[in-house]
Amino acid sequence: MNAIKRHQFQPFPYHLVDPSPWPLLTSFALLTFAISAVLYFHSFPNSGYMLTLGLFLTTAVMILWFRDVVTEGTLLGDHTVAVQHGLTLGTALFITSEVFVFVSVFWAYFHSALSPTVELGAVWPPQGIEALDPYALPLLNTVLLLSSGATVTWAHHSLIQGDRKGAIIGNILTVVLALLFTYCQYIEYSTAPFSMSDSVYGSTFYAATGLHAIHVIVGNLFIIVGAVRLVLYHLTNHHHIGYESAIQ
């Protein structure tokens, strides 16, 4: 009722967010997750239980916060054109920050790969490291990733053109391809002849591919949510900013 009254007398197109507990709870959940992860990496007793708790709390808060955002944008009409512009700008800034995260990881890789130091044996990969065959499972993963990009683009354009069936099929194919990618990544990690602690090669390999795998998993979850919302008629050809943010 308060939201309805506010809309009746609001002289501007911006959304004034109601008081919410989720930002504070998210901070505590992420703090628990980060501290427990550090303890887990250093093999502290019972740190695995703390890490599980941190992951559960972070996931729960995200679900509840996103639920409120979906309600605001779909049922309350709070996501006006001006608000959508702000959300688009926020997504662009987030993607920019992610680009620099990957730049730092690749910088670490090329710094060691292009000029191996004496400590690495002056060769790359370092002495004793058996590198993966790039034309085996990594090539398959690349094909799966590019294919998922094609199918999600098809789904996006189908949604814009009002082709509901094409959008749903494209989303389903994207989710399947992303799941196959994740499974192949799991196989690659299980069969890799080196670990993260094996020289800078192992560190940069798992940092880069692991970071990317996390992005694929989280992005796939967002696309699944978008597919469900599409089935529930939450998305239209001119109002789907959340879906666009997910596929970017």
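In this predicted model, N220 is buried, with a relative accessible area of 7%. That value falls under the 20% cut-off, so N220 gets the label "buried". The residue sits in helix α7. Setting aside neighbours within four places in sequence, N220 touches T174, V175, A178 and L179. Another residue to look at from here is I247: it comes 27 residues away from N220 along the chain, and the C-alpha atoms of the two are separated by 8.7 Å.

Helix α7 covers residues 199–231, and S199 belongs to it. The backbone at S199 has a positive phi of about 60 degrees, even though S199 is not a glycine. As for its surroundings, S199 has a relative accessibility of 29% and so counts as partly exposed; the partly exposed class runs between the 20% and 50% cut-offs.

A positive phi also turns up at Y233, where the angle is about 65 degrees, and Y233 is not a glycine either. This residue is placed in the loop between α7 and α8, the latter being residues 241–247. With 63% relative accessibility, Y233 counts as exposed, because that figure is over the 50% cut-off.

One more backbone detail comes from a proline. The peptide bond running from W124 to P125 is cis, and its omega is near 0 degrees. P125 itself is part of a loop, the one between α4 (81–113) and α5 (137–160).

Methods:
Residues numbered from 1 in each chain as written. Predicted model: local features only at pLDDT ≥ 70, side-chain atom pairs only at ≥ 80, totals over all residues. Heavy atoms only, no water. Helix = DSSP H or I, 4+ residues; strand = E, 2+ residues; numbered from the N terminus. Buried < 20%, exposed > 50% of the residue type's maximum accessible area, 1.4 Å probe, protein only. Contact = heavy atoms within 4.5 Å.
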